[in-house]
Amino acid sequence: MYRTQLIKQHQQRLLKIKSFSTTNRNLKFSEIPLAPPDKILGITEAYINDSNPKKINLGVGAYRDNSGKPIIFPSVKKAEEILLKKETEKEYTPIIGSKNFQSIVKNFIFNNSNKDSNGKQLIDDGRIVTSQTISGTGSLRVIADFLNRFYTNKKILVPKPTWANHVAVFNDAGLKPEFYNYYETSVNDLDFNNLKKSLESQPDGSIVLLHACCHNPTGMDLTNEQWDEVLQIIQDKKFFPLVDMAYQGFASGKPYQDIELIRKLTKLANENKIPTFALCQSFAKNMGLYGERTGSISIITPSKEESKAIESQLKKLIRPIYSSPPIHGSKIVEVIFDEQTGLLQEWLSDLDKVVGRLNDVRQKLYDNLDKSNYNWDHLLKQRGMFVYTGLKPEQVKKLRDDYSVYATDDGRFSISGINDNNVEYLANAINEVIQG
Ligand code: PMP
């Protein structure tokens with residue numbers, strides 16, 4: 001009798017637990033909808049499952065060498081060897097990263113050559129607050145959260161098209177992303193007049209996102225003169241510029257040549273014409289540190305006094321999210337920039353080679369494409385890791401279904417996936433698809 005009572009009690013308890021978990025008003029697991037898969041990662045999955053030996057993955061924006069393999073930059077490998085020997089602890093780094101990392105990043109971006117007296121001035125005046133972040137994405141999220149907290153106008157203008165994650169990050173942080181015109185697909189070119197018009201029509205004080213170089217996905221950047229015009233609009237409309245620099249070095253092969261926009265902005269900051277702006281930066285692509293998640297946010301402030309408060313608020317914002325950033329990638333950066341290792345020149349030459357191969361392959365693809373019924377000139381105007389082909393979604397689908405060539409539906413091809421062994425096959429497939 002006693003035993004059956006116990007069993008009954010136990011069964012009742014189980015029932016209670018079960019009904020609690022299914023009737024908990026706060027969280028109905030059964031009602032959580034399935035989220036759509038990430039577009040780019042979904043492509044890689046489909047590519048992996050394809051058994052065609054000629055398959056090509058043009059989805060993912062990560063470097064591959066001429067044999068289709070990912071690489072570690074030789075300079076980075078050497079930095080890791082040095083670290084392995086000399087590292088004696090794995091202590092936490094401060095919330096905003098080490099002072100040394102911050103200083104390296106500041107000088108790398110804002111004081112890179114004798115052309116950078118304005119950047120140097122801002123550093124000397126204590127007007128740049130830099131924090132290490134979890135790569136470029138983390139940097140975008142930190143500044144978006146910061147702006148949501150302290151900037152009253154929540155509207156952030158982003159180019160159409162832009163990297164899809166921009167919109168996701170800004171939305172999730174509570175900002176209100178809206179597109180400004182950037183590119184005209186029908187002519188495969190920048191749509192500069194409408195770019196200006198659409199910015200001019202926006203309310204004063206909006207935040208505006210600018211790609212520093214190698215615009216993702218189009219690969220089309222503004223000329224120096226066009227930047228001047230846009231920066232004038234930014235002054236007139238009192239916009240807050242947020243610069244995303246994920247591909248520094250991928251335009252020219254030389255990081256210090258790809259920062260013309262930053263040079264213009266630092267000059268305007270010194271003249272107090274654009275007194276404040278922010279810059280998100282990443283070592284994912286230009287040092288090949290993708291998974292190490294190493295990047296930074298820099299906020300240019302009106303004065304040293306404001307810098308103190310801003311730095312304290314960055315710490316307050318970051319601490320409850322991830323407490324402090326990872327250390328391996330930032331230590332690699334510190335070793336590479338340490339003059340005693342002599343690795344800086346080696347890294348710059350590694351990067352130049354990577355960009356050289358991408359440019360080479362871009363040219364080879366262009367050479368192999370049939371120009372008799374499609375104008376491919378835009379390919380050679382574009383810069384960076386991608387070619388924005390202008391192919392329509394149905395043509396991209398045909399490439400995938402008939403030729404095992406995998407790319408995003410918007411016709412963006414990551415050039416890294418192209419090499420001497422597949423460039424002709426790819427060009428022929430494109431030629432066939434265009435002929436219909
Ligand atoms: N911005 C742009 C335009 C990008 O293309 C990327 C990477 N694809 C990022 C930011 C962020 O990259 P990560 O987080 O890997 O540094």
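## Starting with helices and strands

Helices (H or I, at least four residues) and strands (E, at least two) are DSSP runs, and they are numbered from the N terminus. With those labels we can take a tour of this structure, which is a predicted model.

## Two domains

Let's begin with the overall layout. The domain assignment splits the protein chain into domain 1 (39-72 + 345-435) and domain 2 (92-337). Notice that domain 1 is written as two stretches of the chain. Measure from one C-alpha centre to the other and you get 28 Å between domain 1 and domain 2. Where the two domains touch, domain 1 brings 23 residues and domain 2 brings 28 residues to the contact.

## The largest pocket

Now for the open space. The largest pocket holds about 1200 Å³, and 42 residues line it. Which residues lie nearest its centre? They are Ile40, Trp163, Asn165, Asn216 and Arg412. Both domains take part, since domain 1 and domain 2 each give at least three residues to the lining of this pocket.

If you'd rather think in helices and strands, look at helix H2 (39-48), H6, H7 and strand S11 (386-388): each of them supplies at least two residues of the lining. By class, the lining of the largest pocket is a mix of 21 nonpolar, 12 polar and 9 charged residues.

## A closed cavity

What about space that is shut in? Searching the whole structure turns up 1 cavity of 30 Å³ or more, with a volume of about 50 Å³. Its lining is made of Tyr180, Tyr182, Leu195, Leu199, Val208, Leu210, Leu222, Trp227 and Val230. Helix H8 (192-200), strand S7 (207-211) and helix H9 (224-237) are the elements that give two or more residues to that lining.

How many of the lining residues are nonpolar, polar or charged? The cavity has 9 nonpolar residues around it, with no polar and no charged ones. The pocket lining, by contrast, includes 12 polar and 9 charged residues.

## Two helices that cross

Two packed helices are described by the angle between their axes and the distance between the axes. Here is a pair to try that on: helix H6 (residues 135-150) and helix H7 (residues 164-172) have axes that come within 9 Å and cross at roughly 35°. The crossing of H6 past H7 is right-handed.

So who meets whom? On the H6 side you'll find Thr137, Leu140, Arg141 and Ala144, while H7 offers Asn165, His166, Val169, Phe170 and Asp172. Sorted by class, the residues of this contact come out as 4 nonpolar, 3 polar and 2 charged. You've met Asn165 already, as one of the residues nearest the centre of the largest pocket.

## Backbone spots to look at

Finally, follow the backbone to a few loops. A cis peptide bond links Lys160 to Pro161, with omega about 5°, and Pro161 sits in the loop between strand S3 (155-160) and H7. Another cis peptide bond links Asn216 to Pro217, where omega is about 20°. Pro217 is in the loop between S7 and H9, and Asn216 is another residue listed nearest the centre of the largest pocket.

Then there's Lys238, in the loop between H9 and strand S8 (240-245). Its phi is near 55°, which is positive in a residue other than glycine.

Conventions:
Residues numbered from 1 in each chain as written. Predicted model: local features only at pLDDT ≥ 70, side-chain atom pairs only at ≥ 80, totals over all residues. Heavy atoms only, no water. 1 Å grid on protein atoms, 1.4 Å probe; cavity = no way out; pocket = protein on both sides within 12 Å on 5 of 7 lines; lining within 4 Å. Points joined across faces, edges and corners; volume = space filled by probe spheres on them. Nonpolar A, V, L, I, M, F, W, Y, C, P; charged D, E, K, R; others polar. Axes fitted to C-alpha atoms, helices over the stretch in contact; angles between N-to-C directions. Left-handed = near helix turned anticlockwise from the far one by under 90°. Contact = heavy atoms within 4.5 Å. Domains from an automatic or database assignment.
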